[in-house]
Each structure stands twice: as structure tokens, then as C-alpha cells.
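Let's walk through a structure together, one step at a time. Keep the sequence and the 3D view open while you read.

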Amino acid sequence: MWVAIIAIVLGGAWWLSSSSMQQAQAPGNGSAAGTAAANDNSDAAIDQSMANIDAQLNGLSSDTVTVDQSMNDQPVQQQAL
Amino acid sequence: MKFKLFTVAAGMLVLSGTVLPVFAAETSLGGDANVKTNIGGVHVETEMEATASATSSMKGHDGLIVRAKSRADEEILRRINALQKLDDRMSGMQRLSGDEMSRLSDSIKAQIQAMTNLQAKITTDADDNATSAMKIDIKSIADSYRIFMLVMPQAAITAAADRVMSIASAMSDLAAKFQTRIATAQSAGADVSTAVTALADFNAKVADANVQAQAAISEVSTLTPDSGDQAKLQTNLAALKDARAKVVAAQKDLNTARDDAKAIIKVFASAKVNVHATTTASTTTENDQ
């Protein structure tokens with residue numbers, strides 16, 4: 001009888017601890033995380049924003065090179081028959 | 001008299017080659033001629049080869065077919081690769097509407113398909129030794145160049161403008177962070193006047209970049225192939241050049257805004273030291289009293 005009660009109590013304790021651990025490990029809501037990042041005015045957050053912008057500006061430089069190439073295109077001369 | 005007639009005829013030949021290089025490629029007269037011209041900054045070179053001697057033409061017939069196919073393949077593959085690269089870039093666009101993106105992507109894919117079909121046809125022409133059919137197909141490479149010369153810059157300008165708008169959006173988010181930090185520093189008694197001025201310029205530059213990008217997209221989105229209409233070709237080229245200038249202006253705006261951002265961050269770093277120094281000094285003074 002006592003053995004059964006102890007087993008039930010231990011089982012319940014294990015279930016409670018494992019479910020609380022799962023809650024702690026669950027990933028945060030995407031939009032909530034996004035909002036937190038958007039509202040983060042720390043130096044680290046600003047540095048991260050600047051790094052992202054720099055990467056995008058590099059991409060824009062590459063885009064403008066493509067624009068210039070497309071406007072100065074040279075066709076391959078064709079062989080007349 | 002004969003000399004005068006010859007001079008007029010030669011003049012007309014040169015003129016037709018200069019004004020209409022695409023059609024000059026169709027012309028195959030006796031003698032060698034190379035025609036170089038420039039249409040609105042787009043350099044086009046057309047080569048007309050000799051077919052003066054029927055004997056020599058027959059002698060090199062197979063070689064001519066091989067060379068013609070090789071050059072056609074080279075040009076077609078060059079266009080397919082460029083179009084494919086741009087189509088891949090289209091999928092990374094973030095700010096353009098779904099309809100606009102589909103319209104551009106469909107236009108690029110249609111060109112890729114047309115080029116692929118043309119290449120298959122030219123391969124068949126070469127295998128069948130069908131010179132007349134091959135001549136027509138090679139002419140269509142020159143004809144379709146006008147479409148390529150519109151679709152490529154049109155898509156490239158749109159992709160660049162889309163990137164400008166993405167950066168402007170990221171910078172607007174950054175401006176909100178700056179605004180909050182400036183208010184906090186001001187409350188702490190720091191002098192942030194330099195940051196306030198820089199942020200005002202930052203916001204103005206970001207806004208202008210957005211305006212320029214939107215205008216560039218609007219300007220190129222309605223352009224259609226000229227179908228040989230010289231006036232329309234010039235109108236399209238002018239619109240593409242103007243849209244390109246707008247993208248460059250937007251890029252300049254964003255680079256200036258980035259410099260403003262660096263100046264603002266510098267003020268924050270300096271204000272942090274100053275606020276700390278002021279707080280320490282006032283605390284020490286109070287304790288002395």
C-alpha cells in the first residue's frame with residue numbers, strides 16, 4: 001500500500017518537473033520576440049541593426065553594378081550567312 | 001557621273017548601317033564591312049561578311065554553318081545566364097507587390113523560354129544544313145536583342161529599387177531606436193544637439209531614398225518593347241537612364257544616412273562618458289558639502 005502511494009507521489013513529482021522544464025525550454029512566440037528586438041534600444045541591438053544595414057548596402061552596390069552592366073551590354077557578333 | 005552614283009550608293013550603305021544596325025545585319029552584299037554604332041549609349045557592332053564569290057562560299061559552307069551556330073549559341077547562352085541570374089534575384093525581393101514581381105518574373109521566364117526554343121531550332125537548322133532557315137533564326141537573335149535590352153535593365157533597376165526600400169525600412173526602425181536613446185540621454189542631462197541634427201538629416205535622407213526608389217520602379221514598370229520603333233526605343237532608353245539616376249541618388253541618400261547614423265552612435269558613446277562624469281562630479285560635490 002505505502003509502496004504504491006510513494007510510487008504515485010514520485011511519478012507525479014516527475015511529471016510536474018518534466019512539464020515545467022518543457023515550458024522553460026519552449027521557444028518564444030515569434031512576434032513577441034520580434035517586438036522585443038524592435039524595442040531593444042541597447043548598444044548591441046543598434047550595432048546589430050547597423051551590421052544588417054551595411055550588408056544590405058553592399059548588396060545595393062552589387063545591384064547597381066548589375067544595372068550598369070545591363071545598360072552597357074554588348075551582344076556577340078553574329079556570323080552572316 | 002558613274003563616280004557620283006557610286007559615291008551616293010556607298011553613302012547610303014554606310015548611313016543604313018549606322019542608323020539601323022539591326023537591319024544592317026540582314027544585309028549581305030559583296031565585300032567585307034564592319035558597322036559599329038551607338039544607340040543611346042548601347043554599343044552595337046554588326047559584322048557583314050563577304051559572300052562575293054560563290055565558289056569560295058560553297059567551299060567554306062560547312063565551316064560557315066559551324067561558326068554561325070557557335071556564335072548563336074554563345075549569344076543565346078549569355079542571355080539565358082544573365083536572365084536566369086536576374087530571375088534568381090527577383091525571388092529575393094521584399095518590398096515589391098506580388099503582382100509586380102510575377103509580371104517581371106513571367107517576362108524574364110518568357111525570354112528564357114524563347115531563347116531556349118531558338119537555340120534548339122538553330123541546332124536543328126545546323127544539323128539539317130538548312131542555311132536559309134538558319135539565316136532567319138540568326139536574324140531573330142538580333143531582333144530579340146531589343147527585348148533583352150529592355151527586360152534586363154528593367155528588372156535590374158526594379159531589384160535595386162526594391163533593395164533601397166528594404167534598407168530604408170530597416171533605417172526607419174533604427175531611427176526609432178535613436179529617437180528613444182536621444183530622449184533618454186537628454187533626460188540624463190547630456191548634450192545631444194549633434195545627434196538631434198544628424199537624426200533629422202538621417203530621416204530626410206531615408207525619406208528621399210524611398211521617394212526615388214518608388215519613382216524608379218514606376219518609371220520602368222510601364223515600359224514595353226519597341227518592336228523596331230526607333231522613337232519608342234529612344235523613349236525607353238531615356239526612361240531607363242532616368243530611373244538608373246534615381247537609384248543612384250537613392251543609394252547616395254542611404255550612404256549619407258549611414259554616415260549620420262555613425263555620428264549619432266558616436267554622440268551616444270560620448271554622452272555616456274559625459275553623463276557618468278557629471279553624475280560622479282555632482283555626487284562628489286554633494287558629499288563634500
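Two residues are in contact if their C-beta atoms, placed from the backbone, lie within 7 Å. Please remember that this is a predicted model: local features need pLDDT of at least 70, side-chain atom pairs count only at pLDDT 80 or more, and totals for chains, interfaces and linings use all residues. Residues are numbered from 1 along each chain as its sequence is written, while chains are lettered from A and ligands numbered from 1 in the order in which they are written.

Let's begin with chain B. Chain B has eight helices and two strands; helices (H or I, at least four residues) and strands (E, at least two) are DSSP runs, numbered from the N terminus. Following the sequence, you meet them in the pattern α-α-β-β-α-α-α-α-α-α.

Now find two of these helices, α5(B), residues 98-128, and α6(B). Their axes come within 10 Å and cross at roughly 160 degrees. Here axes are lines fitted to C-alpha atoms, for helices over the stretch in contact, and angles run from 0 to 180 degrees between N-to-C directions. Because of that angle, α5(B) is roughly antiparallel to α6(B), a label for angles over 145 degrees. Which residues of α5(B) meet α6(B)? Among them are B:L104, B:I108 and B:L118, and on the α6(B) side you will find residues including B:I141, B:F148 and B:A155. By class, this contact has 13 nonpolar, five polar and three charged residues. Ala, Val, Leu, Ile, Met, Phe, Trp, Tyr, Cys and Pro count as nonpolar, Asp, Glu, Lys and Arg as charged, and the others, Gly among them, as polar.

Next, look at B:M90, which sits in helix α4 of chain B. Is B:M90 buried or exposed? B:M90 is partly exposed, because 19 other C-beta atoms lie within 10 Å; 20 or more would make a residue buried, and 12 or fewer exposed. Beyond its neighbours within four places in sequence, B:M90 is in contact with residues including B:M101, B:L104 and B:A155.

Finally, bring in chain A. In all, 53 residues of chain B are in contact with 27 residues of chain A. The largest share of chain B's side, 25 residues, comes from α6(B). Chain A averages a pLDDT of 74, where pLDDT is the predictor's confidence in each residue, from 0 to 100. Over residues 18-36 of chain A, pLDDT stays under 50.

Terms used: Parallel < 35°, antiparallel > 145°, perpendicular 65-115°, else oblique.
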